[in-house]
Amino acid sequence: MTPLTLIYYILGILTIIGGFSMLFAKHPMRAALSLLFVMFILAVLYALLAAPVIAVLQIIIYSGAIMTLIVFIVTLLDSKEDDLRKPYTKCVYLVTFLMFLLLLVTMNLLPPATFGNAPMVDGNIGALSKELLTNYVFHFELASVLLLVGIIGISIIRAGRGEKQ
Amino acid sequence: MIPIDFLVMVSLTLFLLGATTVLVRRNILVMLMGLELMLNAAVLLFIVYSRVHANLTGHFFALFIFVVAAIEVGLIIAIILNLFKQKRSLLTSSYTSMKE
């Protein structure tokens, strides 16, 4: 086991710990901070997996934009005391048991321990953007249209169409 | 050396943790965080196999997942703000009027 492999193991275990702490956190703010932790560790994993652009975008978009929005909304809509006392629904044990069962089944379906050592792919911004603006240009335009439609949708939902103040 | 099976396991566990969070928690905001965790688990799987097969396609999937996640969070938060205006509560149990 090389030191790099050990780093992969440590980072993987840290993300799982972060996920569990999100599931068990009583207050939504704690859950949001655990999710932020998971996202940062995942960004480090992407950087190690030869995807530096995706790692930077993960920090900018997920940790920067999305999590800021979620933390802002958690502070804006303050949870009441009695909401925090019972954070789980009634079917919590059944769902947890079923998910654990699913995890065990899929673990047995996975192929046996494999260690890949493929040649490094060139995942830097130049190669990525060249490919994005030649082979994937239609998808790129579709994504921009989707963003535009999303912005219009959000403003319509919040402004209340035809609603007089 | 990349421990592929371990990283696939991590992705699987994160996805199931996110799904459990969506199914088990009562707070809408925490359910939204569970959705985000599921999307992140999918991105991790794409990046791992992109590295293993030395192919850039997984990176583009990750990019488009980021776009979709950004729009999704914006829309969900707009809907949550509208819901909160009606009932002043974030619990899913407050929004069961369709059952009656």
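**Helix packing, a surface patch and backbone angles in a predicted model**

Helix α5 of chain A and helix α1 of chain B are roughly antiparallel to each other. The structure is a predicted model, and this pair joins residues 92-109 of chain A with residues 4-24 of chain B. The two axes lie 10 Å apart, at an angle of about 160 degrees. Because angles over 145 degrees count as roughly antiparallel, the pair falls into that class. As for handedness, α5(A) passes α1(B) in a right-handed crossing.

A second helix pair can be followed within chain A. Here helix α1, residues 3-24, packs with helix α2, residues 28-48. Their axes come within 8 Å and cross at roughly 160 degrees, which makes α1(A) roughly antiparallel to α2(A). The crossing of α1(A) past α2(A) is left-handed, whereas that of α5(A) past α1(B) is right-handed.

Further along chain A there is a nonpolar patch on the surface. Its area is about 470 Å², and it is made by A:Leu133, A:Val137, A:Phe138, A:Phe140 and A:Leu142. Of these residues, A:Leu133 can be placed in the loop between α6, residues 125-132, and α7, residues 137-159. A:Leu133 has a relative accessibility of 53% and therefore counts as exposed, since the cut-off for that class is over 50%.

In chain B, B:Asn40 gives the opposite case. This residue is found in helix α2, which covers residues 28-52 of chain B. B:Asn40 has a relative accessible area of 0%, so it is buried; the class requires a value under 20%. B:Phe64 follows B:Asn40 at 24 residues along the chain, and the C-alpha atoms of the two are separated by 12 Å.

The remaining points concern the backbone of chain B. Most residues other than glycine have a negative phi. B:Ala54 is not a glycine, yet its phi is positive, at about 50 degrees. B:Ala54 is placed in the loop between α2 and α3, the latter covering residues 57-87 of chain B. With a relative accessibility of 30%, B:Ala54 counts as partly exposed, because that value lies between the limits of 20% for buried and 50% for exposed. B:Arg88 is another residue other than glycine with a positive phi, in this case near 60 degrees. The position of B:Arg88 is in the segment after α3 of chain B.

Technical notes. Residues numbered from 1 in each chain as written. Chains lettered and ligands numbered in written order. Predicted model: local features only at pLDDT ≥ 70, side-chain atom pairs only at ≥ 80, totals over all residues. Heavy atoms only, no water. Patch = residues over 30% accessible without salt bridge, like charges linked within 9 Å, V, L, I, M, F, W, Y side chains within 5 Å. Areas by Shrake-Rupley, 256 points an atom, 1.4 Å probe, with all protein chains shown as cover. Salt bridge = Lys/Arg side-chain N within 4 Å of Asp/Glu carboxyl O. Helix = DSSP H or I, 4+ residues; strand = E, 2+ residues; numbered from the N terminus. Buried < 20%, exposed > 50% of the residue type's maximum accessible area, 1.4 Å probe, protein only. Axes fitted to C-alpha atoms, helices over the stretch in contact; angles between N-to-C directions. Parallel < 35°, antiparallel > 145°, perpendicular 65-115°, else oblique. Left-handed = near helix turned anticlockwise from the far one by under 90°.
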